[in-house]
Number of protein chains: 2
Amino acid sequence: MRLAGPGRNVGYITLRICWFRNRLARMTQPVGRPRDGRVDGAIAAAARELLAEQGYAQLTVDAVASRAGVGKAAIYRRHATKQAMIFAAVMHDLELETPPDAGSLAADLAAVTRVIVTSLATPPPGVVPGLLADVHADGGMAAMFAGTFVKAERDCVTEVLDRAVGRGELACRPDPARVHAMLLGPIFAWLFLLFEDRARLSGFAETLAADVARLLAAETGPAGRP
Amino acid sequence: MRLAGPGRNVGYITLRICWFRNRLARMTQPVGRPRDGRVDGAIAAAARELLAEQGYAQLTVDAVASRAGVGKAAIYRRHATKQAMIFAAVMHDLELETPPDAGSLAADLAAVTRVIVTSLATPPPGVVPGLLADVHADGGMAAMFAGTFVKAERDCVTEVLDRAVGRGELACRPDPARVHAMLLGPIFAWLFLLFEDRARLSGFAETLAADVARLLAAETGPAGRP
DNA sequence: GCTTTACGGAAACTGAAGTATCGGAACTCA
DNA sequence: TGAGTTCCGATACTTCAGTTTCCGTAAAGC
């Protein structure tokens with residue numbers, strides 16, 4: 001079955017060249033029919049609608065395709081798995097921007113806390129725990145999650161702490177990971193671990209932000225102190 | 001098709017009496033071959049082994065049955081779903097007892113924090129997020145979770161806070177739900193949301209417990225203050 | 001002994017994820 | 001303009017795993 005020989009080698013090299021040319025072309029202008037951008041939006045919208053209507057565990061790819069008016073192939077052309085599709089749909093309209101300078105560490109932390117509350121309380125019930133399980137079941141999803149959601153929130157926290165140092169409220173910047181965990185964790189626990197009243201969440205979050213601000217100010221006091 | 005009549009009525013009443021007798025008998029001594037207690041243990045042990053070896057998402061009921069040397073029917077006779085089986089297996093060897101009085105609020109909170117760290121960090125990777133998603137996908141599991149894991153931890157927290165009030169360290173007891181969220185949340189976030197270094201977890205937890213103790217002491221100061 | 005339930009084993013059923021294929025359309029490049 | 005490539009919706013198919021059912025057998029109470 002071996003067809004080796006001079007002619008065969010030339011053919012192999014030609015194929016390699018064509019392959020590289022294709023790779024290069026794809027960088028600038030992909031060949032073939034371009035993807036319809038409206039399909040991406042329709043998939044994400046359908047997924048979000050069905051998540052809200054039926055819940056995370058009941059969501060099926062067939063239902064998303066049907067609701068979006070697209071074929072399943074169009075979905076799997078864009079997302080490797082059902083979980084990746086849901087992740088993209090949920091992250092799509094999640095805005096995680098650093099809030100503007102509010103003038104003090106306490107006010108800045110309160111604003112960051114509100115961003116966290118919104119990002120956790122907005123998705124339909126069951127979506128956040130479901131996604132978290134999927135993230136822990138697949139290394140690729142974990143990297144995606146850490147690079148988008150976690151990083152965006154971490155940047156918010158770091159920025160707010162740097163502002164406080166710049167203002168002279170803090171002598172040195174505390175560990176952002178620690179502050180991040182102390183803000184995000186209790187809110188997550190309130191919603192998804194302890195099943196506490198969602199109506200009392202915003203009050204709890206306000207208190208939490210004030211507590212953390214007081215704690216940081218007390219331990220790494222204002223610049224100029226011993 | 002109606003077979004009503006005096007004789008029929010007597011038969012109905014007899015059936016009712018038999019039914020009640022059966023219900024009563026079941027309370028004291030169930031009829032038929034009793035369940036083999038070793039089967040329960042074998043199922044739980046096999047599930048825990050396979051969770052540790054293969055991970056949460058890869059666990060199948062067939063594998064558990066095979067490893068335990070039992071039939072699948074024996075599993076479904078005991079647990080309504082695969083998720084309930086895993087829940088029972090994981091909760092089986094989880095000890096959540098209130099630590100003994102350590103003499104101060106700070107020391108007591110540190111001990112409770114260690115209990116929480118153990119309960120979250122001991123299960124194999126992926127098990128805690130997976131179970132949490134299942135809990136949020138089924139109301140029955142949610143009630144079970146709230147009544148066992150959450151309640152046990154909450155009782156620890158409440159007891160420790162009451163001790164502090166009794167000692168005079170705190171003027172009044174803070175909301176146990178709030179304190180619970182502030183202890184459990186950051187640890188959960190450290191492990192499962194932020195993917196921080198597990199080696200630094202115990203240090204973070206110690207700091208966290210001290211922070212919360214200082215916070216509570218500062219806001220609802222010792223008895224006797226205004 | 002009769003009835004009921006549990007046991008392991010195995011087969012059957014069911015739903016859903018993911019893949020393959022089809023006829024047709026859109027785009028690039030030669 | 002035509003060849004080659006990719007996308008499109010639609011549908012059938014494969015595969016896998018949860019759940020149910022059935023079998024012959026064993027252990028308990030009446």
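Chain A has ten helices and zero strands, where helices (H or I, at least four residues) and strands (E, at least two) are DSSP runs, numbered from the N terminus. If you walk along the sequence, the pattern reads α-α-α-α-α-α-α-α-α-α.

A quick word on what we are looking at. This is a predicted model, in which local features need pLDDT of at least 70 and side-chain atom pairs count only at pLDDT 80 or more, while totals for chains, interfaces and linings use all residues. Residues are numbered from 1 along each chain as its sequence is written, and chains are lettered from A and ligands numbered from 1 in the order in which they are written.

So how confident is the predictor about chain A? The average pLDDT (the predictor's confidence in each residue, from 0 to 100) is 88 for chain A, and 85% of the residues score at least 70. Residues 1-26 of chain A are another matter: there the pLDDT is below 50, and beyond near neighbours in sequence the stretch has two contacts in the model. A contact here means that two residues have their C-beta atoms, placed from the backbone, within 7 Å. Where pLDDT is low, the predicted coordinates should not be read in detail.

Now for the packing. Of the 226 residues in chain A, 32% are buried. Buried means that 20 or more other C-beta atoms lie within 10 Å of the residue's own, exposed means 12 or fewer, and partly exposed is in between, with C-beta atoms placed from the backbone. Among contacts in chain A between residues at least 6 apart in sequence, 66% join residues at least 24 apart.

Which residues have the most contacts inside the largest nonpolar core? They are A:Ala47, A:Phe188, B:Ala47 and B:Phe188, in a core of 116 residues. Such a core is a set of buried Ala, Val, Leu, Ile, Met, Phe, Trp, Tyr and Cys residues joined through C-beta atoms within 7 Å. Take B:Ala47: leaving aside residues up to four places away in sequence, B:Ala47 touches B:Val64, B:Met85, B:Ile86 and B:Ala89.

Let's turn to how the two chains meet. Here 33 residues of chain A are in contact with 33 residues of chain B. On the chain A side, α7 (127-137), α8 (139-167), α9 (176-193) and α10 (201-219) each supply at least two residues. The largest share of that side, 14 residues, comes from α9(A). By class, the side of chain A that touches chain B divides into 25 nonpolar, five polar and three charged residues. For these classes, Ala, Val, Leu, Ile, Met, Phe, Trp, Tyr, Cys and Pro count as nonpolar, Asp, Glu, Lys and Arg as charged, and the others, Gly among them, as polar.

How are the two copies related? A turn of 180° and a shift of 0.0 Å along the axis lay chain A on chain B with an RMSD of 0.1 Å, superposed by least squares on the C-alpha atoms of residues with pLDDT of at least 70 in both. That is the relation of a two-fold axis. Of the residues of chain A, A:Gly185 comes closest to the rotation axis, at 1.9 Å (C-alpha). The same surface serves both copies, and 100% of the contact residues of chain A recur in chain B.

On to the DNA. Around strand C there are 27 residues, and A:Arg33, B:Gly32, B:Arg33, B:Gly71 and B:Ala74 come nearest; a residue counts as near if its C-beta atom, placed from the backbone, lies within 6 Å of the strand. The largest share of the surface near DNA strand C, four residues, comes from α4(B). DNA strand D is surrounded by 27 residues, the closest being A:Gly32, A:Arg33, A:Gly71, A:Ala74 and B:Arg33. For strand D, α4(A) gives the most to the surface, with four residues. The surface near DNA strand D has eleven nonpolar, seven polar and nine charged residues.

One last detail, on the backbone. Most residues other than glycine have a negative phi, and most peptide bonds are trans. A:Phe195 has a positive phi of about 55° although it is not a glycine. You will find A:Phe195 in the loop between α9 and α10 of chain A, and with 17 C-beta neighbours inside 10 Å this residue counts as partly exposed. Over in chain B, B:Phe195 also has a positive phi of about 55°.
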